[in-house]
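Please walk me through this structure, starting from how its strands pair and moving outward to the helices and the pocket. Running paragraphs are fine.

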Amino acid sequence: MNVHIKIRALLALVTSLALIVSGCGSSSNGNKHSSDIVLSDKVTINMMHLWPVAGASGQHQLVNKIIDEYQAENPNVIIKQEVLDNERYKAKIKVLSAVNELPDVGLTWAAGYLQPFVEGKLFTSLDELLHSELQDSFVAGTTEAYTVEGKTYALPLEFNIAPVYYNKKIFERYGLQVPTNYDDFLHVVKTLADNGVVPIVLGNKDRWTGSLWYMYIADRIAGTETLANAIKGSASFTDPGLVEAAKRVQDLVDMNAFNKGFNGLSNDEVKAEFMDSEAAMYLMGTWELPNYTTNQVIPQPFRDSIGFFKFPTVDGGKSNIDSWVGGPGVGLFVAENSPVKSEAKKFVKYFVKRWGEESVTGAGVIPATKVNTSKIQLPQLYIDLLNEVNKATNITLFADVQMTSGAAEVHLNQIQALFGKEITPDKFAKAHDAAIKTGK
């Protein structure tokens with residue numbers, strides 16, 4: 001046998017062995033032993049999230065780090081990302097859910113937002129993951145927000161409260177002190193407006209941003225219980241305290257408390273104004289913390305200039321200054337009809353664990369999993385807000401997240417109309433009651 005024939009025979013043998021190994025290495029359910037080498041049998045997990053590099057650099061980098069680690073440990077898995085900003089994400093999820101083409105893994109909000117996805121059998125239960133080593137990892141009360149009829153359909157990543165961030169240098173320039181009551185707050189607003197400084201940035205095109213303002217004022221005047229019961233439908237938004245809160249919103253508009261054109265601008269657009277030191281205050285969740293602490297892209301002098309205060313109390317009001325608007329942030333879901341559901345669940349389990357370990361120092365966010373800060377060097381702003389979470393007397397979940405999807409849409413539209421002075425506080429209240437009564 002000449003050398004060419006020998007080489008051809010050897011190649012044929014190698015090819016045959018490769019086919020045998022390939023056939024033995026795969027199974028009908030896609031499971032593989034660690035010793036198997038199957039180059040052609042890749043599992044692709046499609047993930048959609050809302051942390052673009054432009055607006056959420058810390059979170060964006062952390063997502064990529066976790067994905068890179070997972071792919072390195074699981075060479076048969078490819079994670080494909082689609083990244084959208086907050087509002088585009090919400091819009092696309094709605095479209096995809098209508099045709100039952102959700103990504104394998106994505107982000108969802110809790111409570112009322114989650115409900116229609118569960119009722120439509122679009123999310124799969126993640127109870128098995130909760131009963132794994134993640135069982136005691138979460139802050140009390142976080143996973144419950146993602147539970148429907150005893151089953152958990154998403155695992156939370158963040159826990160948020162909404163402080164009023166303020167620019168200390170602007171306050172100092174006009175001799176202003178941090179307000180602890182509402183009258184002091186109005187003095188701050190008036191002083192800034194009189195001096196041609198934008199007191200508060202608000203991007204109310206997104207509507208939930210204005211809802212934060214209404215919720216806090218309603219909480220401070222009518223009380224936590226009254227607000228919570230009105231949202232649930234067991235009390236009325238025509239309660240005098242809740243109507244007064246709507247009136248106070250319009251009073252702020254009349255004082256020029258907010259930037260011009262706020263109802264036509266998105267949150268991302270106005271955030272830039274605050275970060276350029278062109279406005280004094282910004283009411284937003286602690287998911288913004290990275291931009292004031294760990295985000296190296298943001299100049300250090302600006303980060304050093306940012307403080308926060310709790311939403312001021314109202315004289316004669318029924319709430320206290322340690323009552324917050326906030327709650328669990330976004331959580332990871334797995335699509336019920338995902339063709340790679342088993343692998344997607346493994347990835348979610350890994351992601352939640354690594355997010356909890358890395359998000360504090362890596363992204364500067366407050367995770368939904370328990371944090372031992374005793375051995376971590378953290379920015380003071382982060383520590384102070386984490387302490388506020390721990391001593392909060394109450395945390396009221398965002399109204400639009402609590403409500404059913406139909407009522408939430410009415411609430412958000414009414415918020416925008418209220419700020420735009422297109423409706424009266426009385427009509428605002430009645431529209432809420434009517435929407436919540438329908439139960440849709």
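Two strands are taken to pair if DSSP finds at least two bridges between them. With that in hand, the sheets of this predicted model can be read strand by strand. Tyr165 has Tyr282 as its bridge partner in β10, and Val164 stands opposite Leu283 in that strand. Strand β8, residues 164–167, and strand β10, residues 279–283, run antiparallel and are joined by three bridges. On strand β11, residues 306–309, β8 has another antiparallel partner, here over four bridges. One of the pairs in this second match is Tyr166 with Gly307.

These strands belong to an open sheet of four, in the order β9-β10-β8-β11, with mixed pairing. The edge positions are held by β9 (198–200) and β11; each has a single partner strand, so one side of each is left without a neighbour in the sheet. Neighbouring strands of this sheet are turned by 25° against each other on average, direction ignored. Strands of a sheet pair through backbone hydrogen bonds, in either the parallel or the antiparallel sense.

What happens to the side chains of β8? In a regular strand the side chains alternate between the two faces of the sheet. In β8, Val164 and Tyr166 point one way, Tyr165 and Asn167 point the other way, and all are buried.

Helix α11 contains Phe274, a residue that touches this part of the model. Phe274 has 0% relative accessibility and therefore counts as buried, the cut-off being under 20%. Leaving aside residues up to four places away in sequence, the contacts of Phe274 include Tyr165, Tyr166 and Asn167, along with Ala279, Ala280, Met281 and Tyr282. Val201, Tyr292, Phe302 and Ile306 are also among the residues that Phe274 touches. Lys430, by contrast, is 156 residues from Phe274 in sequence and 34 Å from Phe274 in space, C-alpha to C-alpha.

A further open sheet has three strands, ordered β7-β12-β14, and its pairing is mixed. Here β7 (159–161) and β14 (394–397) are the edge strands, each with a single partner, so one side of each is left without a neighbour in the sheet. From one strand to the next the twist averages 40°. Helix α8, residues 208–222, packs on the sheet and touches β12 and β14, and the direction of α8 makes about 135° with that of β12. Strand β12, residues 323–328, pairs with β14 in the parallel sense over four bridges. Within this pairing, Gly326 has Leu397 of β14 as its bridge partner.

Helix α9 comes next along the chain, spanning residues 224–232, and its buried residues are Thr224, Thr226, Leu227, Asn229, Ala230 and Ile231. These buried residues pack against strands β12 and β14 as well as helices α8, α10, α16 and α18 (425–438). Just after α9, Gly233 takes a positive phi of about 95°.

Helix α10, residues 240–254, holds Gln250. Although the side chain of this residue type is polar by class, Gln250 counts as buried because its relative accessibility is 10%, and buried means under 20%. Gln250 touches Leu418, Lys421, Ile423 and Pro425, not counting residues up to four places away in sequence.

Where is the largest pocket, and what lines it? The largest pocket has a volume of about 1100 Å³. Of its 44 lining residues, Asn86, Glu87, Lys90, Trp109 and Trp208 are the closest to the centre. The elements that give two or more residues to the lining are α3 (86–98), α4 (111–119), α8, α11 (267–275), α12 (289–292), α16 (399–402) and α17 (405–419). Helix α3 contributes the largest share, seven residues. By class, the lining has 19 nonpolar, twelve polar and 13 charged residues. Helix α8 thus appears both in the lining and on the three-stranded sheet.

Finally, the chain as a whole. Its secondary structure comes to 18 helices and 14 strands. Of its 440 residues, 52% count as buried. Among contacts with a separation of 6 or more, 76% are between residues 24 or more positions apart. Taken along the principal axes, the C-alpha atoms fill a box of roughly 100 × 50 × 40 Å.

Technical notes:
Residues numbered from 1 in each chain as written. Predicted model: local features only at pLDDT ≥ 70, side-chain atom pairs only at ≥ 80, totals over all residues. Heavy atoms only, no water. Axes fitted to C-alpha atoms, helices over the stretch in contact; angles between N-to-C directions. Contact = heavy atoms within 4.5 Å. 1 Å grid on protein atoms, 1.4 Å probe; cavity = no way out; pocket = protein on both sides within 12 Å on 5 of 7 lines; lining within 4 Å. Points joined across faces, edges and corners; volume = space filled by probe spheres on them. Buried < 20%, exposed > 50% of the residue type's maximum accessible area, 1.4 Å probe, protein only.
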